Amino acid sequence: MRKKLSSICDKHIFGKRKHMKDLFSLPESSFPAHFIWGSATAGHQIEGDNIHSQWWAWEQAGRFAERSGKACNSYALYKEDISLLQELGHQAYRFSIEWSRIEPAENQFDTEALAHYVDLARRVKEAGMKTFVTLHHFSHPQWFEEQGAFHTLDNLPFFERYVRYVVPALAPYTDFWIIINEFNLGNAPERLLEKANFIRYHARGYHLVKEYSTAPVSSAHAFPYYMPSRPTSDFDVTLTRYRDWIDHEFFFHAIRTGEIVMPFQDVVFDADVKGTCDYWAINYYTRHMIDARRASGEGTRYRHTQLKLIPMDFYLEEFFPEGIILNLERLIDKPVYITENGVASNDDAWRLVYLALHMTALKEAIDRGVDVRGYLYWSFLDNYEWGSFLPRFGLVDVDFTTFTRSPRPSAYFYRDVIEHNGFTPEMLRHYLPWLAEL
Ligand code: FCB
């Protein structure tokens, strides 16, 4: 009986496989002319020794599993990094300026630090790439933190002074500005107040940049796709809509209308906020399930979608490429740049699959009418993931003791994609030969 079954299998299943091209037959995707391809990093995550920042202080206080230390040592190795970006065919590079290096103590500006960032931006340009310059990416000077950081609008003058100091020097080498990275998530009451403030800081930054630069300006929006755990439950659906309001729609609405609508706060209309994104800068990773029956509101993923890619519970462990389509369809009023998208995995094959799936989804969003003009993979290098070196997002592997950089196969796959302004199943088969053998 056994024998018989297996020979039936052989005939009907394995026999057929000979005629199968592969199991991963994604359509060919070609992107619009002038589409920009690149990758992204952030200062604190790659530079090392960012000792005047609040994040460094938190690390010393033992708040995280690991400290950033020398990170990728990129503050020293930035010229090598630029050469590698160029070798890998990048057309754009997103990086951030560390305010705490520029102004380590209040009103004490470090001219060498400014010269460093100007040199970095200039060299990226000279290497033929567009620059996306982020002015605030999660870290800022410890002295600013001690004054209450973004919890109050009273600190606006500090932020303005920093922006006025760096922007004129960087303007000649900046193609796209990102004022602040991902201030839009979080639902604690004090966080809601802080987010309303952040919009004002963003808007002030926007207008200051405009005094010195004609390059487009935005702030990067973290855009997880929210989905009710039980789409038939009013509780889950209502909470999902609420989370969508306080994390996403408040921002889009404020930028479109000037009206800051936050729960349990009187509405604020600020004409200076209206129109302060020239493009939508979108960071997309995955889906988020919302469950009204839990204090946290966090739902668990469907079990079959959980991918254990690294030996750590990590928030980006599910692939949900359709989320990028569903999210971007809300943003048809401006050009869109994907300013982050990526996966942390020790097995580079997953990165290739993730890239291919998300590029295919992105192409679908474009075909549905979204004006997507560029894509930046997170991240160029493995780096310090805000408390741990475990999640490896890099196209390029980094040895954190020798700082040796080794491009992964995904980096070469991505280089081919850039060269062809799209991808074909053949490219995927080339880098994932075992898919073709199945
Ligand atoms: C984003 C951050 C970025 C990186 C990725 C994984 O939320 O902007 O710095 O940590 O997640």
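Which residues does His-116 touch, not counting residues up to four places away in sequence? The two are Tyr-75 and Tyr-78. Keep in mind as you look around that this is a predicted model. His-116 has its place in helix α6, which covers residues 111–126. With a relative accessibility of 9%, His-116 counts as buried, because the cut-off for that word is under 20%.

Next to His-116 in the sequence is Tyr-117, also in helix α6. Tyr-117 is buried too, at a relative accessible area of 0%. Its side chain makes a polar contact with the side chain of Glu-47, at 2.6 Å. Leaving out residues up to four places away in sequence, Tyr-117 touches Glu-47, Tyr-75, Ser-96, Ile-97, Glu-98, Arg-101, Ile-102 and Leu-170. Notice that Tyr-75 turns up in the contacts of His-116 and again in those of Tyr-117. If you'd like a sense of scale, try Leu-309: it is 192 residues from Tyr-117 along the chain, and the two C-alpha atoms are separated by 35 Å.

Now for the ligand. Which residues are around it? Go round and you'll find Gln-45, His-137, Phe-138, Asn-181, Glu-182, Tyr-285, Glu-340, Trp-378, Glu-385, Trp-386 and Phe-393. Several of these put polar side-chain atoms by ligand oxygens. For His-137, a polar side-chain atom lies 2.8 Å from an oxygen atom of the ligand. Glu-340 has a polar side-chain atom 2.9 Å from a ligand oxygen, and for Glu-385 the distance between a side-chain N or O atom and an oxygen of the ligand is 2.7 Å. How much of the ligand does the protein bury? Taken alone, the ligand exposes 290 Å², and the protein buries 95% of that.

Time for the aromatic rings. The structure holds 49 aromatic pairs. Take Phe-132 and Tyr-337: their ring centres are 5.7 Å apart and their planes meet at 65 degrees, so this pair is edge-to-face. The pair links distant parts of the chain, with Phe-132 in strand β4 (residues 130–136) and Tyr-337 in strand β12 (residues 336–340), 205 residues apart. Buried or exposed? Phe-132 and Tyr-337 are both buried.

Phe-150 and Tyr-201 form another edge-to-face pair, at 4.8 Å centre to centre and with 80 degrees between the planes. This pair also links distant parts of the chain: Phe-150 sits in the loop between α7 (142–146) and α8 (156–170), while Tyr-201 belongs to helix α9 (residues 189–212), and they are 51 residues apart. Both residues are buried.

Phe-132 comes up again when you look at Ile-178, since it is one of the residues that Ile-178 touches. Ile-178 is found in strand β5 (residues 176–181) and is buried, with a relative accessible area of 0%. Its contacts beyond four places in sequence also include Val-133, Thr-134, Leu-135, Ser-218, Ser-219, Ala-220 and Thr-339. Thr-339 is 161 residues away from Ile-178 in sequence, yet 9.4 Å away in space, C-alpha to C-alpha.

Rings meet charges here as well. The charged end of Arg-243 sits over the ring of Tyr-226, 5.1 Å from its centre. Arg-287 does likewise with Phe-320, where the distance from charged end to ring centre is 4.0 Å.

Phe-320 leads on to Thr-286, which touches it. Where is Thr-286? Look in the loop between β10 (280–283) and β11 (287–290). Thr-286 is buried, with a relative accessible area of 5%, and its side chain reaches the backbone oxygen of Glu-318 at 2.7 Å. Other residues that Thr-286 touches include Pro-224, Tyr-225, Arg-301, Tyr-315, Leu-316 and Phe-319.

One more stop: Ile-246, in helix α10 (residues 234–257). Its relative accessible area is 0%, so Ile-246 is buried. Neighbours within four places aside, Ile-246 is in contact with Asn-184, Gly-186, Asn-187, Leu-192, Lys-195, Met-262 and Pro-263. Of these, Gly-186 is 60 residues from Ile-246 in sequence and 8.0 Å from it in space, C-alpha to C-alpha.

Terms used: Residues are numbered from 1 along each chain as its sequence is written. This is a predicted model: local features need pLDDT of at least 70, side-chain atom pairs count only at pLDDT 80 or more; totals for chains, interfaces and linings use all residues. Side-chain values use heavy atoms; hydrogens and water are left out. Rings of Phe, Tyr and Trp (its six-membered ring) pair if their centres lie within 6.5 Å; planes under 30 degrees apart count as stacked, over 60 as edge-to-face and the rest as tilted. Helices (H or I, at least four residues) and strands (E, at least two) are DSSP runs, numbered from the N terminus. Buried means under 20% relative accessible area, exposed over 50%, partly exposed in between (1.4 Å probe, protein chains only). A charge sits over a ring if NZ of Lys or CZ of Arg is within 6 Å of the ring centre and within 35 degrees of the ring normal. A residue is near a molecule or strand if one of its heavy atoms lies within 4 Å of it. A polar contact is a pair of N or O atoms within 3.5 Å; within protein, one must be able to donate a hydrogen and the other to accept it, and residues adjacent in sequence count only if both atoms are side-chain atoms. Accessible areas come from the Shrake-Rupley method with a 1.4 Å probe; for residues, only the protein chains shown count as cover. Contact means heavy atoms within 4.5 Å.
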